[in-house]
Structures are given as structure tokens and as C-alpha cells.
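Visitor: Walk me through this model, please. I'd like to start with the charged side chains.

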Amino acid sequence: MEKSSYEKVVDHMLQQDAFSQWLGIELLEIREGYSRIKMIVRKDMVNGFGIAHGGIAFSLADSAFAFACNNRNNLSVALDTNISFTRAVQVGDVLTAEATEIHNGRSTGVYSIGIFNQKDEQVALFKGTCFRTGKTHI
């Protein structure tokens, strides 16, 4: 099955994204203005309390945000992001981030990203606003 233009853009982005590769991100679903990705939390991702560093869930959500807001091939960068952590993340947890478009404007976009563990428990909620530059990825 041939990849959609949205999937081709995100594949290109991921090939250039060393940090998302380090996280071990796997693309699950890419549609216009939408992305769903996952990763497994490793031991080298924990903080001094023995739980995953908050930056791990944030980074997963940030990647889902980037893939959702850029997949129309309009280079978009974050203007504002915020996250609320709702549950601790443990080593071995499989995290899934689902980015949903709330607003698609000419120069900005707003996205809601839910982050869930393998038990389908929400561990964080991320919201991001992007600026659309008008430049293309591919």
C-alpha cells in the first residue's frame, strides 16, 4: 500500500530527528492534522525518584505534536506548549501519544495530545500551539 503524502512528510521528519530516534518512537498512525506514536520507557530515562523523567512524556508528546502540525508539508514550529502530568511513568511502560488538531489556521494551529500507558491510563495531557512558516519539508 502506497504511503499518503502526510506519512511521507512525517517519515522524512523522523529520518532527520535524532532525538525522536533516541526515544525509540514508532509511528502508529498519521492522518491530516493527526498523529499517534508510541515508545517504551527505558532505564536510562528515569530521574532520581526511580520514575520516568517528566521530559520523557513531554518529549513524546512534543514529537506527536510536531508530526501532526507538520504533516501537511507546511513547516510549523512551536509557539507555546504546556503539559499536565496525571500519573507516574515507570520503566517498561509503553507510552502512546495521540495528537488531535483543535484549530488549523493559516498561520497557527492548536493541538491536544493525550499520553497513555499500556493500561490505557492517561499519564499526561499536552497542549501545543504552532506557527506555520509557509516553507515546505519535502
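Guide: Sure. The side chains of Arg-87 and Glu-121 meet in a salt bridge, at 3.7 Å from N to O. A salt bridge here is a side-chain nitrogen of Lys or Arg within 4 Å of a carboxyl oxygen of Asp or Glu. Keep in mind that this is a predicted model: local features need pLDDT of at least 70, side-chain atom pairs count only at pLDDT 80 or more, and totals for chains, interfaces and linings use all residues. Residues are numbered from 1 along each chain as its sequence is written, and side-chain values use heavy atoms, with hydrogens and water left out.

Visitor: Where in the chain do Arg-87 and Glu-121 sit?

Guide: In distant parts, 34 residues apart. Arg-87 is in the loop between β3 (76–85) and β4, while Glu-121 is in the loop between β5 and β6. The element names are DSSP runs numbered from the N terminus: helices are H or I with at least four residues, strands are E with at least two.

Visitor: And is Arg-87 buried or exposed?

Guide: In between. Arg-87 is partly exposed at a relative accessible area of 42%, and Glu-121 is partly exposed too, at 25%. The cut-offs are under 20% for buried and over 50% for exposed, with partly exposed in between (1.4 Å probe, protein chains only).

Visitor: Which residues share salt-bridge partners in one network?

Guide: Glu-32, Arg-72, Glu-101 and Arg-132 are joined that way. The total count is ten salt bridges. Among them is Lys-8 with Glu-2, where the closest N and O atoms are 3.4 Å apart. Lys-8 is partly exposed at 39%, whereas Glu-2 is exposed at 67%. Another one is Asp-44 with Arg-42, at 3.1 Å from N to O.

Visitor: OK, switching to the strands. How many bridges join β5 to β6?

Guide: Nine, and the two strands run antiparallel. Strands count as paired if DSSP finds at least two bridges between them. Within that pair, Val-110 stands opposite Thr-129 in β6. β5 and β6 form a hairpin with five residues between them, and Asp-120 in the turn has a positive phi of about 65°.

Visitor: What about β3 and β6, how many bridges there?

Guide: Nine as well, in the antiparallel sense. Ala-78 is the residue opposite Cys-130 in β6.

Visitor: Now β2. How many bridges link β1 and β2?

Guide: Five bridges join β1 (residues 26–31) to β2 (residues 34–40), and they run antiparallel. Leu-27 has Ile-37 as its bridge partner in β2. This hairpin has two residues between the strands, and Gly-33 takes a positive phi near 70°. β2 also pairs with β4 (residues 94–104), antiparallel over seven bridges, with Ile-40 opposite Val-94 in β4.

Visitor: There's an Arg-36 I'm curious about. What does Arg-36 touch?

Guide: Arg-36 is in β2. Not counting residues up to four places away in sequence, Arg-36 touches Leu-27, Leu-28, Glu-29, Thr-96, Ala-97 and Glu-98. Contact means heavy atoms within 4.5 Å. Arg-36 is partly exposed, at 27%.

Visitor: And the greasy part? Which residues of the largest nonpolar core touch the most other members?

Guide: Leu-60, Phe-67, Leu-95, Ile-113 and Ile-115, out of 31 residues in that core. A core is a set of buried Ala, Val, Leu, Ile, Met, Phe, Trp, Tyr and Cys residues joined through side-chain atoms within 4.5 Å. Two or more of its residues come from each of α1 (5–16), β2, α3 (54–70), β4, β5 (108–116) and β6 (122–132). α3 gives the largest share, eight residues.

Visitor: What does Phe-67 contact outside its own stretch?

Guide: Leaving aside neighbours within four places in sequence, the contacts of Phe-67 include Val-10, Met-13, Leu-14, Ile-25, Leu-27, Ile-30 and Ile-37. Asp-17, Ser-20 and Ser-35 are also in contact with Phe-67.

Visitor: Last topic, pockets. What volume does the largest pocket have?

Guide: About 270 Å³. Of the 18 residues lining the largest pocket, the closest to its centre are Met-13, Asp-62, Ala-66, Asn-70 and Ser-76. On a 1 Å grid over the protein atoms alone, a pocket is an open set of points where a 1.4 Å probe fits, with protein on both sides within 12 Å along at least five of seven lines; lining residues have an atom within 4 Å of a point. Grid points are joined across faces, edges and corners, and the volume is the space filled by probe spheres set on the points.

Visitor: Which element supplies the largest share of that lining?

Guide: α3, with eight residues. α1, α3 and β3 each supply at least two.
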